[in-house]
Amino acid sequence: MLPTRKHRIALISVDGDPAAEIGQEEAGGQNVYVRQVGYALAEQGWQVDMFTRQSSPEQATIVQHGPLCRTIRLKTGPTEFIGRDHLFEHLPEFIAEFQTFQREQGFQYRLIHTNYWLSSWVGMELKKQQPLIQLHTYHSLGTVKYSAISDIPAIASKRIAVEKACLETVDRVVATSPQEQQHMRRLVSTKGKIEVIPCGTDVDKFGLIQRSAARQELGIAPDVKMILYVGRFDQRKGIETLVRAVAKSSLRDHANLQLVIGGGYRPGHSDGIERDRIASIVAELGLENCTTFPGRLDEAVIPSYYAAADVCVVPSHYEPFGLVAIEAMASQTPVVASDVGGLQFTVVPEVTGLLVPPKDEVAFATAIDRILLNPNWRDQLGEAGRQRVEIAFSWYSVASRLTQIYTHLLAQTMPSIESKPQIAA
Ligand code: UDP
């Protein structure tokens, strides 16, 4: 059966709701990616339906983001937050709901782009039931994750098997950095088709406010040396390393040193527990006076935080991409990051920031100090970062690359599809 509307596509992200508030438990880069890719594809003429699961009864079933882009929340297990490691058993219900939705709408999607391994399984199952082109973005690889943690969850072997089957069988896998591609080839499979398309950032949202104006807005004095962390509270984000590095900084007794740790958390949940652990290390190291936890930074304030900072630190143990690094760079703020994964791709050492070994608090302290002690160099690094983002990392270019691949794959299986998506009137 041919779809009634030729250019309707589905982005599937069962666990990462594109319409959710970003910056707290299990809502981070993947949600931003799906949402921004969805918006950008819609601007290029695709009719984009983004599917996720409903995780609270208050959530609307459909969120219309624009004429061509909406989020659709399907019932999948109990309507409450369920951690990723416990979602797999509910996926058959997601598939059944997806099929019901298609039936009710009277069409079948011909192309889906799945996100994270759970959705890759959904896509592969759907492919058994209808003709379908599937693209996939991993966002994180089980093999990489499990090599770095000691408490391996029960679902691990399933995840690893699904990730391998996905790479070997779907129509195209999107790696967000050459480093992620290498990991896939080395650790997942030598078979399958991979395309490297980096993530993007909103160059019109970040970088429009100057440091002095941003500080005035946030009430931060001009002579403060401000170190910024932005992200979820998760042990693998390495916030502990950052705090210990600040304690070792030659500037630690500088009256104006300020460490800002931005990110949402919910008491009693895993992010709340990690936030409390970090706060106790801050107290133990005597850094309470110079550390603040502003909580989740929403859309309205986040550009000012990035712009106000002298340096943004991304101390993750691993990142397949790491959106925070390019958001800081877009805001003309240099980045000190762990020398891992996609951060090796986005941050150019000595040009847009510095890369140091993960978990090495002394190396982080040295790198942070180098930037804090040299404001002229900080500004040069910031300018180069902005340039790099403008050239290499916009959502527009991500969507253009995806459009090329989608169109090519659709044309291969459905020759009647025109070479370009129609721009909606
Ligand atoms: N973020 C936010 N507010 C916060 C903390 C994080 O909006 O308080 C956003 C941040 O701007 C970025 C995303 O969450 O867009 C985190 O993405 P990243 O790829 O750095 O990390 P992930 O969450 O995927 O591990």
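**Exercise 1. Annotated domains**

Where does UniProt place the feature "domain: Glycosyl transferase family"? Describe this span, and then the span of the other annotated domain.

*Solution.* The structure is a predicted model.

Step 1. According to UniProt, in an unreviewed entry, the feature lies at residues 212-388.

Step 2. Residues 212-388 are 44% helix and 16% strand. The C-alpha atoms at the ends of this span are 23 Å apart.

Step 3. A further UniProt annotation, also from an unreviewed entry, reads "domain: Glycosyltransferase subfamily 4-like N-terminal" and covers residues 28-200.

Step 4. For residues 28-200, helix makes up 44% and strand 20%. The end C-alpha atoms of this span are separated by 14 Å.

**Exercise 2. Helices H8 and H9**

Determine how H8 and H9 are oriented towards each other, and describe their contact.

*Solution.*

Step 1. Locate the elements: H8 comprises residues 239-248, and H9 comprises residues 270-284.

Step 2. The two axes come within 10 Å and cross at roughly 15°.

Step 3. Angles under 35 degrees count as roughly parallel; H8 and H9 are therefore roughly parallel to each other. Their crossing is right-handed.

Step 4. On the H8 side, the contact involves Ile239, Glu240, Val243 and Arg244. These residues meet Arg277, Ile278, Ile281, Val282 and Glu284 in H9.

Step 5. Sorted by class, the contact holds five nonpolar and four charged residues, with no polar ones.

**Exercise 3. Helices H1 and H15**

Are H1 and H15 roughly parallel or roughly perpendicular to each other? Identify the residues in contact.

*Solution.*

Step 1. The axes of H1 and H15 (residues 395-413) come within 9 Å, and they cross at roughly 70°.

Step 2. Angles of 65 to 115 degrees count as roughly perpendicular, and H1 and H15 are therefore roughly perpendicular to each other.

Step 3. H1 contributes Val32, Tyr33, Gln36, Val37, Ala40 and Leu41 to the contact. H15 contributes Trp395, Val398, Ala399, Leu402, Thr403 and Tyr406.

Step 4. The classes in this contact are 10 nonpolar, two polar and no charged residues.

**Exercise 4. A salt bridge**

With which residue does Arg84 form a salt bridge? State where both partners lie in the chain.

*Solution.*

Step 1. The criterion is a side-chain nitrogen of Lys or Arg within 4 Å of a carboxyl oxygen of Asp or Glu. The count by this rule is 29 salt bridges.

Step 2. The partner of Arg84 is Asp15, and the closest N and O atoms are 2.6 Å apart.

Step 3. Arg84 lies in the loop between strand S4 (69-74) and helix H2 (91-105). Asp15 lies in the loop between strand S1 (8-12) and helix H1 (29-43).

Step 4. The pair, 69 residues apart, thus links distant parts of the chain.

How values were computed: Residues numbered from 1 in each chain as written. Predicted model: local features only at pLDDT ≥ 70, side-chain atom pairs only at ≥ 80, totals over all residues. Heavy atoms only, no water. Axes fitted to C-alpha atoms, helices over the stretch in contact; angles between N-to-C directions. Helix = DSSP H or I, 4+ residues; strand = E, 2+ residues; numbered from the N terminus. Parallel < 35°, antiparallel > 145°, perpendicular 65-115°, else oblique. Left-handed = near helix turned anticlockwise from the far one by under 90°. Contact = heavy atoms within 4.5 Å. Nonpolar A, V, L, I, M, F, W, Y, C, P; charged D, E, K, R; others polar. UniProt positions renumbered as here; feature names shortened; annotations may be inferred.
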